[in-house]
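Trainee: Could you take me through one part of this model in close-up, and then show me how that part sits in the rest of the chain? I would enjoy a connected account rather than a list.

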Amino acid sequence: MRKWCLSEVTLKHIREQGLAEVAVLPIGACEPHGLHLPYGADTYEAVAVAERACALAYKRGAKVMLLPAIPYGVDSNLLSFPMTIHVKQETLNKIVSDIVFSLERHGVYKLVLLNGHGGNDFAGGLRDLYGQTKVWVFLINWWQVGKDKLGEIFEEVGDHAGEMETSVCMAIVPQLVHLEDADDGGVRPFRFEALKKGWAWTTRPWERLTKNSGHGNPSKATAEKGERYLNLVAERIADFLTSLSQTPIDDWFPFEHL
Ligand SMILES: [Zn+2]
C-alpha cells in the first residue's frame with residue numbers, strides 16, 4: 001500500500017493517519033500520439049509525475065494524497081482521428097468543482113491539479129470557482145515545470161509525441177512505445193505572420209497541422225533522457241507540495257507576509 005495514494009489506502013488507514021493537507025489530481029486525455037505512442041500517453045505521464053512527486057513529498061513529511069486521475073481531456077481538434085474522446089472544458093471544470101466541494105467537506109483545503117494535456121485549460125474555471133470555496137486550487141502543466149532545462153536534455157524537444165514526450169513514455173511505459181512505427185513529426189506552418197509570432201491564437205485542427213497527429217521528431221528519444229526530465233520535474237513539484245503542506249492558509253495566503 002502506498003500511503004499517499006487514495007486508490008490504495010483503506011478507511012482504517014485514513015482514520016489512523018489523519019487527513020491530507022494537499023490533494024493532487026492528475027488530468028490527462030484520450031487521443032492518438034503519432035503512430036508510436038499510446039492513446040493514454042497524457043494520462044500515464046500525469047500519473048507518473050504525480051506518483052513520483054507525491055512519493056518524494058511524503059518521504060519528506062508532507063501530508064499529501066494522490067487522487068484517482070481524470071483520463072479524458074479537451075480534444076475537439078483531434079476528433080478527426082479515430083477513437084479520440086473529447087470531453088468539453090465545461091464538463092471537466094464541473095468534475096473539478098465537484099471534487100473541490102468533496103475535499104472541502106472533508107476539510108482538505110489545498111488541491112493541486114497536475115495537468116498532462118495541452119488542450120485542457122483550467123484557469124478560467126478556477127477563477128470562476130474563487131470565492132465559492134475554502135479550497136485553494138493550484139494548477140501545474142507538468143511538461144512546463146522544467147522548461148529552463150529542456151534544452152540541456154533534449155536535442156529537439158518537440159511538442160506532441162516529439163522527443164521529450166516520447167522519452168518520458170520510454171521511461172514510464174516502455175512496453176507501449178513503438179518507435180519503429182514513428183514518422184518524422186513534421187507539421188504544416190501557419191499561413192499568417194501573427195499566428196507564427198504567437199500574438200494571435202487560434203485552435204489548431206491536428207489533421208491539417210500534422211501527418212499522423214505527432215508534432216516533433218521523436219527519433220532521438222531515449223528512456224534515459226525521459227528519466228532525467230521526470231526526476232527534475234518530480235523534485236520541483238515535490239518541493240512545492242512539501243511547502244504547501246507546511247504552510248497554513250492565513251489571511252495573506254498565498255502571498256508573503258510583509
Ligand atoms: Zn501528450
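Mentor: Gladly; let's start with Ser 213, which lies in the loop between helix H8 (206–209) and H9. Keep in mind as we go that this is a predicted model. The phi of Ser 213 is positive, near 80°, although the residue is not a glycine. Most residues other than glycine have a negative phi, which is a good reason to pause here. Is Ser 213 buried or exposed? With 22 C-beta neighbours inside 10 Å, where 20 or more are needed, Ser 213 counts as buried.

Ala 161 makes a good companion case. Its phi is near 65°, again a positive value in a residue other than glycine. Ala 161 belongs to the loop between helix H5 (150–153) and helix H6 (163–172). Around Ala 161 there are 29 other C-beta atoms within 10 Å, so this residue is buried.

These two loops lead us to H6 and H9, whose axes come within 7 Å and cross at roughly 95°. The two helices are therefore roughly perpendicular to each other. On the H6 side, the contact is made by Met 164, Ser 167, Val 168, Cys 169, Met 170 and Ala 171. H9 contributes Ala 223, Lys 225, Gly 226, Glu 227, Tyr 229 and Leu 230.

Follow the chain into the segment after helix H9 (223–246) and you reach Pro 254. The peptide bond from Phe 253 to Pro 254 is cis, with omega near 5°. As a reminder, most peptide bonds are trans.

Now let's step back to the whole protein, which has nine helices and four strands. Read from the N terminus, the elements run α-β-α-β-α-β-α-β-α-α-α-α-α. The four strands form an open sheet in the order E2-E1-E3-E4, with parallel pairing. Strand E2 (64–66) and strand E4 (136–141) stand at the edges with a single partner strand each, so one side of each has no neighbour in the sheet. On average, neighbouring strands of this sheet are turned by 20° against each other, direction ignored. Helix H3 (residues 89–106) packs on the sheet, where it touches E1, strand E3 (110–115) and E4. The direction of H3 makes about 150° with that of E3. Within the sheet, strand E1 (residues 22–27) runs parallel to E2 and is joined to it by three bridges. Val 22 has Val 64 of E2 as its bridge partner.

Helix H2 (residues 41–59) deserves a look too. Its 19 residues should span 27 Å at 1.5 Å a residue, and the end C-alpha atoms are indeed 27 Å apart. H2 is mostly covered, with 15 of its 19 residues buried. After H2 comes Gly 61, which has a positive phi, near 95°.

How does the overall fold measure up against a compact globule? For 258 residues the expected radius of gyration is near 18 Å, and the protein has 19 Å, which agrees. The C-alpha trace spans about 55 × 40 × 35 Å along its principal axes. Buried residues account for 42% of the 258 residues, and Ser 213 and Ala 161 are buried too. Finally, among contacts between residues at least 6 apart in sequence, 79% join residues at least 24 apart.

Note on methods
Residues numbered from 1 in each chain as written. Predicted model: local features only at pLDDT ≥ 70, side-chain atom pairs only at ≥ 80, totals over all residues. Buried ≥ 20, exposed ≤ 12 C-beta atoms within 10 Å, placed from the backbone. Rg over C-alpha atoms; globule rule 2.2 N^0.38 Å. Contact = placed C-beta atoms within 7 Å. Pairing = 2+ DSSP bridges. Axes fitted to C-alpha atoms, helices over the stretch in contact; angles between N-to-C directions. Expected span 1.5 Å × (residues − 1). Parallel < 35°, antiparallel > 145°, perpendicular 65-115°, else oblique.
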